[in-house]
Amino acid sequence: MTDTRLIQGDCLSVLPTLPTASVHMVVTSPPYWAQRVYADVKPSLWGNCAGGSERHCLTNCPNGMCDAWRGVLGNEPTPELWAANLVKVFRAVRRVLRDDGV
């Protein structure tokens, strides 16, 4: 019998908690850019906040001061930012995926 675990959650929060090369399979369906808004998905802070905290970027970060953006994957302001965020996600996936993983 094989030990099976289903782990569900925000990949950028969950994947860093897993050991490197420890996952046999990842199933995902990344969103197309600007196609859907998922009401049940909590927005996250993406990018680097010049003020050093999420609170700063949510309340008083002037435009152009940092590259932080608050929202949900797939609803970035530009397709370039969407693609950059997908790269972050799949780098995190690659780190935990075993060499024989799918």
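Colleague: Happy to look at this one with you! Is Asp100 buried or exposed?

Modeller: Gladly, and bear in mind that this is a predicted model. Asp100 has a relative accessible area of 52%. Since the label applies over 50%, Asp100 counts as exposed.

Colleague: Which side chain does Asp100 meet in a salt bridge?

Modeller: In general, side chains of opposite charge can pair when their charged atoms come close. Here the N to O distance is 2.9 Å, and the cut-off for a salt bridge is 4 Å. The partner of Asp100 is partly exposed, with a relative accessible area of 28%. That partner is Arg98.

Colleague: Thanks! And what is the N to O distance between Asp99 and Arg94?

Modeller: Asp99 is exposed at 73% relative accessible area, whereas Arg94 is partly exposed at 47%. Their side chains meet in a salt bridge, one of two in the structure. The N to O distance is 3.7 Å.

Colleague: How much should I trust the model, and which element has the lowest mean pLDDT?

Modeller: Averaged over the chain, pLDDT is 82, and 81% of the residues score at least 70. Among the elements, helix H3 (residues 79-96) has the highest mean, at 92. At the other end, with a mean of 56, is helix H2 (residues 54-59).

Colleague: Good to know. Now for the spaces: what is the volume of the largest cavity?

Modeller: Searching the whole structure for cavities of 30 Å³ or more turns up one. Its lining includes Pro31, Tyr32 and Gln35, along with Leu73 and Gly74. The volume of this largest cavity is about 40 Å³.

Colleague: Which charged residue is in the lining of the largest cavity?

Modeller: By class, the lining has four nonpolar, three polar and one charged residue. The lining residues are Pro31, Tyr32, Gln35, Arg36, Tyr38, Leu73, Gly74 and Asn75. Asp, Glu, Lys and Arg count as charged, so the one we want is Arg36.

Colleague: And the largest pocket: how many nonpolar residues does its lining have?

Modeller: That pocket has a volume of about 1400 Å³. Of its 39 lining residues, the closest to the centre are Ile7, Gln8, Gly9, Cys11 and Val27. Helix H1 (11-14), strand S1 (44-46), strand S2 (69-71) and H3 each supply at least two residues of the lining. Sorted by class, the lining holds ten polar residues, seven charged residues and, to answer you, nonpolar residues numbering 22.

Note on methods: Residues numbered from 1 in each chain as written. Predicted model: local features only at pLDDT ≥ 70, side-chain atom pairs only at ≥ 80, totals over all residues. Heavy atoms only, no water. pLDDT = per-residue confidence, 0-100. Helix = DSSP H or I, 4+ residues; strand = E, 2+ residues; numbered from the N terminus. 1 Å grid on protein atoms, 1.4 Å probe; cavity = no way out; pocket = protein on both sides within 12 Å on 5 of 7 lines; lining within 4 Å. Points joined across faces, edges and corners; volume = space filled by probe spheres on them. Buried < 20%, exposed > 50% of the residue type's maximum accessible area, 1.4 Å probe, protein only.
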